[in-house]
Amino acid sequence: MYQDYKNVELIKPGGLELKDRLVGVQRVTKVTKGGRTFGFSAIVVVGDENGIVGQGLGKSKDVASAIAKAIDDAKKNLVRIPLNKVTLPHEQKGKYGGARVILLPAAPGTGVIAGGAVRAVLEAVGIHDVLSKSQGSSNPHNVVKATFDALLKLRSAKTIANQRGISLEKLFKG
């Protein structure tokens with residue numbers, strides 16, 4: 001799922017205290033010769049509020065099992081996000097399908113300025129000060145994936161210094 005990203009570190013869920021957030025539940029309909037068959041699709045974000053987060057999708061005939069499947073799927077897709085204390089290391093844009101998300105680091109005390117699906121993801125990561133803008137599609141599935149796209153593109157100052165082969169001090173002087 002995350003093979004397109006260079007610095008992604010997959011995390012095993014064992015020993016982590018994960019909190020799950022339900023982003024959305026949709027009722028879906030399959031039309032057959034015998035009539036309509038109703039089911040449910042749930043999208044969930046899990047995180048330890050300390051830089052580790054995952055998202056999952058579950059589908060079932062009833063809501064409870066769809067949510068349970070989504071939580072299990074989210075725990076299989078945990079990744080570590082580089083943070084700068086309680087905000088982002090730098091500005092980043094993410095895109096998935098028709099959804100576009102812009103994330104901006106904010107000063108301490110700003111809070112999470114984000115709506116709906118973006119807020120759920122950022123709170124699960126443990127970001128407390130951030131500005132965001134969601135554009136294009138408001139479909140929660142695509143907005144969550146666009147937010148993950150932006151978060152997975154983030155790089156810490158230490159990573160950038162290592163990639164350039166210079167020290168942290170030289171990175172900030174230069």
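Two strands count as paired if DSSP finds at least two bridges between them, and the exercises below apply this rule to a predicted model.

**Exercise 1.** Decide in which sense strand E3 and E4 pair, and over how many bridges.

*Solution.* Begin with strand E3, which covers residues 52-60, and then look at E4, which covers residues 79-80. One contact between these strands can be named, since Val79 in E4 is the bridge partner of Val53. Counting the bridges gives 2, in the antiparallel sense, and because at least two bridges are required, the strands count as a pair.

**Exercise 2.** Place this pair in its sheet, and find which strands are the edge strands.

*Solution.* The sheet is open and has 4 strands in the order E1-E2-E3-E4, with antiparallel pairing. Strand E1 (19-32) and strand E4 (79-80) each pair on one side only, and they are therefore the edge strands. In general, the strands of a sheet are held in pairs through backbone hydrogen bonds.

**Exercise 3.** Find which strands helix H1 lies across, and at what angle H1 runs to E3.

*Solution.* Helix H1 is made of residues 63-76. Tracing this helix over the sheet shows that H1 lies across E1, strand E2 (35-47) and E3, and the angle to E3 is about 145 degrees.

**Exercise 4.** Describe the protein as a whole, starting with how many helices and strands there are.

*Solution.* The protein contains 5 helices and 8 strands, which follow one another as β-β-β-α-β-β-β-β-α-β-α-α-α. Of its 174 residues, 39% are buried, and its C-alpha atoms fill a box of roughly 70 × 35 × 30 Å along the principal axes.

Methods
Residues numbered from 1 in each chain as written. Predicted model: local features only at pLDDT ≥ 70, side-chain atom pairs only at ≥ 80, totals over all residues. Heavy atoms only, no water. Buried < 20%, exposed > 50% of the residue type's maximum accessible area, 1.4 Å probe, protein only. Contact = heavy atoms within 4.5 Å. Axes fitted to C-alpha atoms, helices over the stretch in contact; angles between N-to-C directions.
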